Structure formats: structure tokens, C-alpha cells
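Here are my notes on the model you asked me to look over, set out as numbered points. Please read them with the sequence and the structure open beside you.

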Amino acid sequence: MSNAQAFSTAAMPLDQQLVLVTGAGRGLGAAIAKAFAHVGSAVVVNYRYSADAAEELAEAIRARGGRAAALEADVTDDRAVDAMFDAAHAEFGMPVSTVVNSALMDYTFDVEGRQPADEIDFADLSAQFRGTVGSAMNTVQAAMSGFREIGSGRVINVGSNLVQNPVVPYHDYTAAKAALLALTRTFARDLGPLGVRVNMVSGGLLRTTDASAATAEEVFDRIAEASALGHVTTPEEFASAVVFFASPDSRAVTGQNLIVDNGYVMS
């Protein structure tokens, strides 16, 4: 396929796409899945433990005339991920065109309960690397046969503005997201000739997800006061930016990190 043809296939309308969202049974992932369903995309609601919530979300999308299926897979397991992509193709009769890596591996944003630098163990970092970087590698590699069939593909990784401004030093979480940003850029360079765009959307503390539920109200208030728009970002606001990176409007964008936090961090 020529570069011109690959560029053309990257203009696939959102309502013709099959979008796989990891960790979509709850929290931010669920908001992202809903946002794609709203613009007419077929959606794979991936989950690991949240079977009931994922099934309810998929059913709600279908009840509104949308297309959705809840598929279980531990995204740190490459064989489970391969099976999920096969099941998605069988369910919808088309390959996945966009992958959103939003699964978060068992993490709670609790300032008081975090591990300080002189106590944290490398095993904690390793676990986050496996859940953040390892799972993204698995989903991208599983998606590649479909991307080649289509002639293009989109990967949107969920990052964190703590990489740019570690105002709360969640060492393991932030180090893993920094590694994911590096992977976003190296994959964008390597896969660009195949028509695959790889980008990242990075948020701050979101109001509110399961992971941020333990955050004290005064922390949310301080973030709002420090943000240019005086507002803490919601999962729905964040999801809108993710949809942009799957749309034809972003077909000339790859290897980028967009910070969506109402102007808390400017970079």
C-alpha cells in the first residue's frame, strides 16, 4: 500500500470503526467506551473483574441502538489478549481499528497511603510496568493483523500529567506512565510506515473514578484552584479528547502527548 493510500484509510469515519477499550467495565474506561458509542463506533468493552458492570454497559449501548460487546481478558496475558481480538473480529465481522489502553492495574490515588522513595520496592514498579507497558504492548501486537488488513490503525494510550509535574510522588505509577509515553513515541516511529498512529492523552486527577475515590475533597479543591479553568477534569471531558485521536481529524498526528487537565499543567 502506498503512503497516499495509507493516509486515505486513516480517514475512516468513527461510525465505521470498531474500537477496543481496555479496562472499560468501570471508571475512565467506561466513560471512554460511552463516548465512542455516542459517535456511532462499535465498541469492545474489555474487563478483567467487572463482568456485571461491563455487561450492563454493553447492554445499555445496544439498547440505544449502538453496537457493543463485553469481552473478558487480563490484558497482561498476551494469549488472553489474542483470544479477545479474535472474539471481537468474530462478533462484529471486522477488525479492530482503534485500541485505547486505559486499563489501570489495581491502583488507588491516596496521598496518605502512598509509598515514599525510601520505602518503595522495585517489585511495586515492576508490577506497574507490567500492567501499564506490558498490557499496551500486548494489545498493539494483537491489533497489528487487523491494522494491516485495514491499512491503518489508531492506538491511544492513557497517560498522566504527573510525568510532567509530579506534584504527588506516586513513584511506581508515574514511572510506568513515563515508560508508556516513551513507548508511544517509539511505536509511533516504528509503525508509522504501516499507517498506524500512536498517541497519548494524559490527564490529572479525575473527578471522580474508582481510583480517585479515596482522594480527599480538599485535594480536588486545590487542583481546581490551581487550574487555569478553575475546574477538575471529569472522565467525560477526558474521553472527548480520546475520541479526537481516533477521528479523521487527527490523521496527521502521531507520537504526541495531549495533556487534558483544564490547564493545571501547561507543556
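1. On terms and basis: two strands are said to pair if DSSP finds at least two bridges between them, and helices (H or I, at least four residues) and strands (E, at least two) are DSSP runs, numbered from the N terminus. This is a predicted model, in which local features need pLDDT of at least 70 and side-chain atom pairs count only at pLDDT 80 or more, while totals for chains, interfaces and linings use all residues. Residues are numbered from 1 along each chain as its sequence is written, and side-chain values use heavy atoms, with hydrogens and water left out.

2. The sheet: seven strands form an open sheet with parallel pairing, in the order S3-S2-S1-S4-S5-S6-S7. Its edge strands are S3 (68–72) and S7 (257–260), each of which pairs on one side only. Averaged over the sheet and with direction ignored, neighbouring strands are turned by 20° against each other; here axes are lines fitted to C-alpha atoms, for helices over the stretch in contact, and angles run from 0 to 180 degrees between N-to-C directions.

3. Strand S2 and its neighbours: S2 (residues 42–47) runs parallel to S3 and is joined to it by five bridges, with Asn46 standing opposite Leu71 in S3. With strand S1 (residues 18–21), S2 pairs in the parallel sense over four bridges, and there Leu18 stands opposite Ala42. Six of the six residues of S2 are buried, so this strand is largely enclosed by the rest of the structure; buried means under 20% relative accessible area, exposed over 50%, and partly exposed in between, with a 1.4 Å probe and protein chains only. Ala42, Val44 and Asn46 point one way from S2, whereas Val43, Val45 and Tyr47 point the other way.

4. Strand S4: the pairing of S1 with S4 is parallel and rests on three bridges, and Val21 stands opposite Val100 in S4. S4 also pairs with S5 in the parallel sense over four bridges, where the bridge partner of Thr98 is Arg154. Thr98 and Val100 point one way from S4 and Val99 and Asn101 the other, and all are buried.

5. Helix H5: the helix covers residues 122–150, and its 29 residues should span 42 Å at 1.5 Å a residue, which agrees with the 40 Å between its end C-alpha atoms; the expected span is 1.5 Å times one less than the number of residues. H5 nevertheless bends by about 40° at Met144, the bend being the angle between axes fitted to the seven residues ending there and the seven starting there. At the N-terminal end Asp121 caps H5, with a side-chain oxygen 2.8 Å from the backbone nitrogen of Ala123, and the helix is followed by Gly151, whose phi is positive, near 95°. H5 lies across S4 (98–101), S5 (153–160) and S6 (196–203), running at about 175° to S4.

6. Helix H8 and its contact with H2: H8 has twelve residues and reaches 17 Å from its first C-alpha to its last, close to the 16 Å expected. Its buried residues include Phe238, Ala239, Val242, Val243 and Phe245, and what covers the buried residues of H8 includes H2, S4, S5, S6 and S7. Ala35, in helix H2 (residues 27–38), touches Ala239 and Val243, not counting residues up to four places away in sequence, where contact means heavy atoms within 4.5 Å. Ala35 is itself buried, with a relative accessible area of 18%.

7. The region after S5 and S7: Asn161 is found in the loop between S5 and helix H6 (171–191) and, at 6% relative accessibility, counts as buried. A polar contact of 2.8 Å joins the side chains of Asn161 and Asp261; such a contact is a pair of N or O atoms within 3.5 Å, and within protein one must be able to donate a hydrogen and the other to accept it, while residues adjacent in sequence count only if both atoms are side-chain atoms. Among the other residues that Asn161 touches are Ser202, Ile259 and Tyr264. Asn262, placed in the segment after S7, has a positive phi of about 60° although it is not a glycine, and it counts as buried at 16% relative accessibility.
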